[in-house]
Amino acid sequence: SVSLRVGMERVFSTGWSVRMGYAFWQNSVPDQTYSPLLPDSDTHSVTVGIGYSWRHLSLELAYQFNLWASRQVNGSVNGPVVDGQWDAHSQVVVLGVRMPF
């Protein structure tokens, strides 16, 4: 499958930083083995984040939105209940603390 990822970060002298990114990856699972437990289709992902660093401590907050393209599945080995059209998206929020030592 093909994957494309780009991102950027801007660090300010005040200790703040901002980040953003975009990723695309191509479907890698054939219809026969598709499972709704881990949906796979062409995916677009957008991320944004902020951080603040001082002394030996950093706080990070990030958000990610994933949008899977609609996928029509036929002939799944997981049974006829899996056959059909599947749409999915997910959202992720991450709060992190970093303390190097």
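**A five-stranded sheet and its salt bridges**

Me: What order do the 5 strands take in the open sheet, and is the pairing parallel or antiparallel?
Reply: In this predicted model, the 5 strands form an open sheet in the order S1-S2-S3-S4-S5, and the pairing is antiparallel. The edge strands are S1 (3-11) and S5, each of which pairs on one side only. Neighbouring strands of this sheet are turned against each other by 10 degrees on average, with direction ignored.

Me: How many bridges join S1 to S2?
Reply: S1 and S2, which run antiparallel, are joined by 9 bridges. Within that pairing, Val6 has Tyr22 in S2 as its bridge partner, and Glu9 has Arg19 in S2 as its partner.

Me: And which residue in the S1 and S2 hairpin takes a positive phi?
Reply: That residue is Gly15, with a positive phi near 100 degrees, in a hairpin that has 4 residues between the strands.

Me: Ok, moving across the sheet, how many bridges join S2 to S3, and how many join S3 to S4?
Reply: There are 10 bridges between S2 and S3, which run antiparallel, and 12 bridges between S3 and S4, which also run antiparallel. From S2, Tyr22 stands opposite Val46 in S3, while Phe24 stands opposite His44 in S3. His44 in turn has Leu67 as its bridge partner in S4, so the register can be followed from Phe24 through His44 to Leu67.

Me: What does the turn between S3 and S4 look like, in terms of residues between them and phi?
Reply: S3 and S4 form a hairpin with 2 residues between them, and Arg55 in the turn has a positive phi of about 45 degrees.

Me: Back to the start of S1: what does Ser3 touch, leaving aside residues up to four places away in sequence?
Reply: On that count Ser3, which is found in strand S1, touches Phe24 and Trp25. Ser3 counts as partly exposed because its relative accessibility is 42%. By contrast with those contacts, Ser3 and Leu38 are 18 Å apart in space, C-alpha to C-alpha, and 35 residues apart in sequence.

Me: Changing topic, how many salt bridges does the structure hold?
Reply: The structure holds 4 salt bridges. One of them is formed by Arg19 and Glu60, whose closest N and O atoms are 2.9 Å apart. Arg19 lies in strand S2 and Glu60 in strand S4, so this pair ties together parts that are 41 residues apart in sequence.

Me: Are those two buried or exposed?
Reply: Arg19 is partly exposed, with a relative accessible area of 28%. Glu60 is buried because its relative accessible area is 18%, and the cut-off for buried is under 20%.

Me: Which other residue forms a salt bridge with Glu60?
Reply: Arg98 forms one too, with the closest N and O atoms 3.6 Å apart. The pair links distant parts of the chain, with Arg98 in strand S5 and Glu60 in strand S4, 38 residues apart. Arg98 itself counts as partly exposed, at 45% relative accessibility.

Me: So which residues are linked in the network of salt bridges?
Reply: The network links Glu9, Arg19, Glu60 and Arg98. Glu9 and Arg19 were mentioned above as bridge partners too, with Arg19 placed in S2.

Me: Where does the Arg71 and Asp31 pair sit?
Reply: The side chains of Arg71 and Asp31 meet in a salt bridge at 2.9 Å, N to O. Arg71 is in strand S4 and Asp31 is in the loop between S2 and S3, so far as 40 residues apart, and the pair thus links distant parts of the chain. Arg71 is buried, with a relative accessible area of 7%, whereas Asp31 is partly exposed, at 21%.

Me: Last thing, the surface: which residues form the nonpolar patch?
Reply: The patch is formed by Met8, Phe12, Trp16, Val18, Met20, Val48, Ile50, Leu61, Tyr63, Val93 and Leu95, which together have about 1,100 Å² of accessible area. The elements that give two or more residues to the patch are S2 (16-25), S3 (43-54), S4 (57-73) and S5 (84-98).

Me: Which element gives the most?
Reply: S2 gives the most, with 3 residues.

Me: And Val93, is that buried or exposed?
Reply: Val93, which lies in strand S5, counts as exposed because its relative accessibility is 61%.

Note on methods
Residues are numbered from 1 along each chain as its sequence is written. This is a predicted model: local features need pLDDT of at least 70, side-chain atom pairs count only at pLDDT 80 or more; totals for chains, interfaces and linings use all residues. Side-chain values use heavy atoms; hydrogens and water are left out. Patches are made of residues with over 30% relative accessible area and no salt bridge: like charges are joined within 9 Å, nonpolar side chains (Val, Leu, Ile, Met, Phe, Trp, Tyr) within 5 Å. Accessible areas come from the Shrake-Rupley method with a 1.4 Å probe; for residues, only the protein chains shown count as cover. Buried means under 20% relative accessible area, exposed over 50%, partly exposed in between (1.4 Å probe, protein chains only). Axes are lines fitted to C-alpha atoms, for helices over the stretch in contact, and angles run from 0 to 180 degrees between N-to-C directions. Contact means heavy atoms within 4.5 Å.
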